[in-house]
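This briefing goes through one protein model with a ligand. It starts from a single residue and then takes up the ligand shell, the overall fold, the sheet and the loops.

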Amino acid sequence: MTLPFRAHHFLCTAAFRGAGYSPQFVHHYTALVDTLSQERGTTRLEVVADADTICQPCPHRTGTQCVAQARIQQLDHRHGTVLGLAPGDQLTWAEARRRLAEQVSLDQFHWMCSGCRWKKLGVCEDTLVALHQEFQTHAFAPEHRPPQTFTASAQCVAS
Ligand code: SF4
């Protein structure tokens, strides 16, 4: 099975922490994220230009479109440009996570996610920093490198 994904939903999904547009939307998104986790990154995803698997229960969906279609298309265009993805491209969730880590700098994040209501929460930026660290690509953001000496002393204090 290949799940349809809008380009901007790759980072949204990596950053999903249970917030959303309705209880049904959150329930559906939580189940999707659980599936991606259980399948250990092997789930195949296909980039689409219109409503995807995440959009299905969204109260803002009208058929294959969004009530804010122009703004959402801009998000898709910017995310697709940075990630090098276009409608029809397929990749696994593991490949998508690596691509996020390797191709999205913090500066690009602030550009590609501008205009999104969730951005100010900081969760998506934190997720990207965590991906940089997981894939050792945090050279993108020197100010976010893990404070190794601090971590070591903190462990001493805690123990
Ligand atoms: S800021 Fe918005 S568009 Fe960007 S990853 Fe977060 S939820 Fe998605």
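Cys 12 is part of helix H1. The model is a predicted one. In this model Cys 12 counts as buried, because 20 C-beta neighbours fall inside 10 Å and 20 or more is the condition for that class. Cys 12 and Cys 113 are separated by 101 residues in sequence, yet their C-alpha atoms are 9.7 Å apart in space. Both cysteines belong to the set of residues around the ligand.

**Ligand shell**

- The residues surrounding the ligand are His 8, Leu 11, Cys 12, Ala 15, Leu 75, Cys 113, Cys 116, Trp 118, Lys 119 and Cys 124.
- Which helix gives the most to the shell around the ligand? Helix H1, residues 9–15, does so with three residues.
- Sorted by class, the shell holds eight nonpolar residues, one polar residue and one charged residue.
- The charged one is Lys 119, because Lys is counted in the charged class.
- The polar one is His 8, because His is not listed as nonpolar or charged and the others count as polar.

**Overall fold**

- The protein has seven helices and five strands.
- Along the sequence these elements follow the pattern β-α-α-β-β-β-α-β-α-α-α-α.
- The protein has 159 residues, of which 28% count as buried.
- Taking contacts between residues at least 6 apart in sequence, 70% join residues at least 24 apart.

**Three-stranded sheet**

- Strands S1, S2 and S5 form an open sheet in the order S1-S2-S5, and the pairing is mixed.
- Strand S1 (2–6) and strand S5 (90–92) are the edge strands, each pairing on one side only.
- From one strand to the next, the twist averages 40 degrees.
- Strands of a sheet pair through backbone hydrogen bonds, and the pairing can be parallel or antiparallel.
- How many bridges join S1 to S2? There are five, and these two strands run parallel.
- Strand S2 (residues 44–48) is joined to S5 by three bridges, and this pair runs antiparallel.
- Leu 45 in S2 stands opposite Leu 3, and the bridge partner of Leu 45 in S5 is Leu 91.
- Glu 46 is placed opposite Gln 90 of S5.
- In a regular strand, side chains alternate between the two faces of the sheet.
- Helix H4 (residues 93–103) lies across S2 and S5, and the angle at which it runs to S5 is about 90 degrees.

**Helix H2 and the loop before it**

- Helix H2 covers residues 23–38, which is 16 residues.
- From its first C-alpha to its last, H2 reaches 22 Å, close to the 22 Å expected at 1.5 Å a residue.
- Gly 20 sits in the loop between H1 and H2.
- Is Gly 20 buried or exposed? Gly 20 is buried, because it has 20 C-beta neighbours inside 10 Å.
- Leaving aside residues up to four places away in sequence, Gly 20 touches Phe 25, Val 26 and Tyr 29.
- Gly 20 and Cys 58 are 38 residues apart in sequence, with a C-alpha to C-alpha distance of 8.8 Å.

**Positive phi in residues other than glycine**

- Arg 40 follows H2 and has a positive phi, near 50 degrees, although Arg 40 is not a glycine.
- The loop that holds Arg 40 runs between H2 and S2.
- Arg 40 counts as exposed because it has 10 C-beta neighbours inside 10 Å, and the class takes residues with 12 or fewer.
- Gln 136 also has a positive phi, near 60 degrees, and is a residue other than glycine.
- Where is Gln 136 placed? Gln 136 is in the loop between helix H6 (123–134) and helix H7 (148–158).
- Gln 136 is exposed, because 9 other C-beta atoms lie within 10 Å.

Note on methods
Residues numbered from 1 in each chain as written. Predicted model: local features only at pLDDT ≥ 70, side-chain atom pairs only at ≥ 80, totals over all residues. Near = placed C-beta within 6 Å. Helix = DSSP H or I, 4+ residues; strand = E, 2+ residues; numbered from the N terminus. Contact = placed C-beta atoms within 7 Å. Expected span 1.5 Å × (residues − 1). Pairing = 2+ DSSP bridges. Axes fitted to C-alpha atoms, helices over the stretch in contact; angles between N-to-C directions.
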